[in-house]
Amino acid sequence: MRAGLEPAVTGATVSSVTVFDERSLRRHDGPSEDFVDRLAGRGIVSAERRGKFLWLPLGSSPVPEPLEGAREALVVHLGMSGQVLLRDRATDDRLTRIRLDIEHPDHGALRLNFVDQRIFGSMAIDRLVQTPDAPTDSVPTQVAHIARDPLDPLFDDRLFLARLARRNSGVKRALLDQTLLSGVGNIYADEALWAARVHYDQPTNTLSRPRAKLLLAEVRLVLAKALGEGGTSFDAQYVNVNGASGYFSHSLNAYGQQGKPCARCGRPIVRESFMNRGSHFCAFCQRVR
DNA sequence: CCCCTCACCTGATCGC
DNA sequence: TGCGATCAGGTGAGGG
């Protein structure tokens, strides 16, 4: 999404903003009028991401005197069912909760439709702040507690492994903890655990260092492959900014594969409920040890 | 401080 | 065709 938006929004100006459902502003501190006022007329500087958060740093404001050095950004989180669709000005999408019409110097009049069925996602205007692990760049305040993702050149392997070893919980719970590492959700957690042959409920403090390192390496491989294939699309809901599906669902070895033979040993993949969600794994290859 | 449960929501789909 | 049950890829507040 970030890569798809970047060329279309960088250098563009927000012409108008329409909020169709205020619940999609759950992360915005203020009413929808405030959101609209602070966004309309602003320039978009770039498209940034950390973990599952995307934000578009905003340029000069038409609204009364922007505070000295207090830069802001439009923050986007897709939640479980969000989409950002890049359209022309004539195109509407069903379930659009927020609409941004923008003007780009090269690409002309464009439209960003924020579509979200379950409304777990949201948009917000947030202040950009420096954080300890972002010495040079800044992040929105609501992203400050989110760790870097393992593909980030500044991801700290040693810190991650140390924190993992200190934890007292199941390893999948740790993988899903965005303050430990970001970007891993239910699908990629199951895939990385399968690849590393680790059971989802293996206590983190019993993972040997080599296995922890192997798991981190597998997380990286899964994320890199999924990114390369445009993400994981099971249906029309999971699409990029142009409405196209990703292909990683064809590469899944565990997630959603219950009943099918394990690609390694041929025994059936099973599904168990864990943390109010499905965990998919090979009961033979992935045992608590 | 760490860990865990639960609330937050809608719409698509499936079985009857 | 209609209806109810079920399911879904995340996050963070708050209790223990």
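Here is a short back-and-forth about how the protein meets its two DNA strands in this predicted model.

Residues are numbered from 1 along each chain as written, and chains are lettered from A in the order in which they are written. Local features need pLDDT of at least 70 and side-chain atom pairs pLDDT 80 or more, while totals for interfaces use all residues, and side-chain values use heavy atoms, without hydrogens and water.

Me: What makes a residue count as near DNA strand B?
Reply: One of its heavy atoms has to lie within 4 Å of the strand. There are 13 such residues, and Arg-23, Arg-94, Gln-117, Asn-168 and Arg-173 come nearest. Sugar and phosphate make up 65% of the strand B atoms within 4 Å of the protein.

Me: Why is the pairing of Gln-117 with a base oxygen of DNA strand B called a polar contact?
Reply: A polar contact is a pair of N or O atoms within 3.5 Å (inside protein, one must be able to donate a hydrogen and the other to accept it, and sequence neighbours count only if both atoms are side-chain atoms). A side-chain N or O of Gln-117 sits 2.5 Å from that base oxygen, so the pair qualifies.

Me: How do you know that Arg-271 makes a polar contact with DNA strand C?
Reply: Its side chain puts an N or O atom 2.3 Å from a phosphate oxygen of strand C, so it passes. Lys-52 has a polar side-chain atom 2.8 Å from a phosphate oxygen of that strand.

Me: What makes Arg-23 a charged residue?
Reply: Asp, Glu, Lys and Arg count as charged; Ala, Val, Leu, Ile, Met, Phe, Trp, Tyr, Cys and Pro as nonpolar; the others, Gly among them, as polar. The surface near strand B has six charged, four polar and three nonpolar residues.
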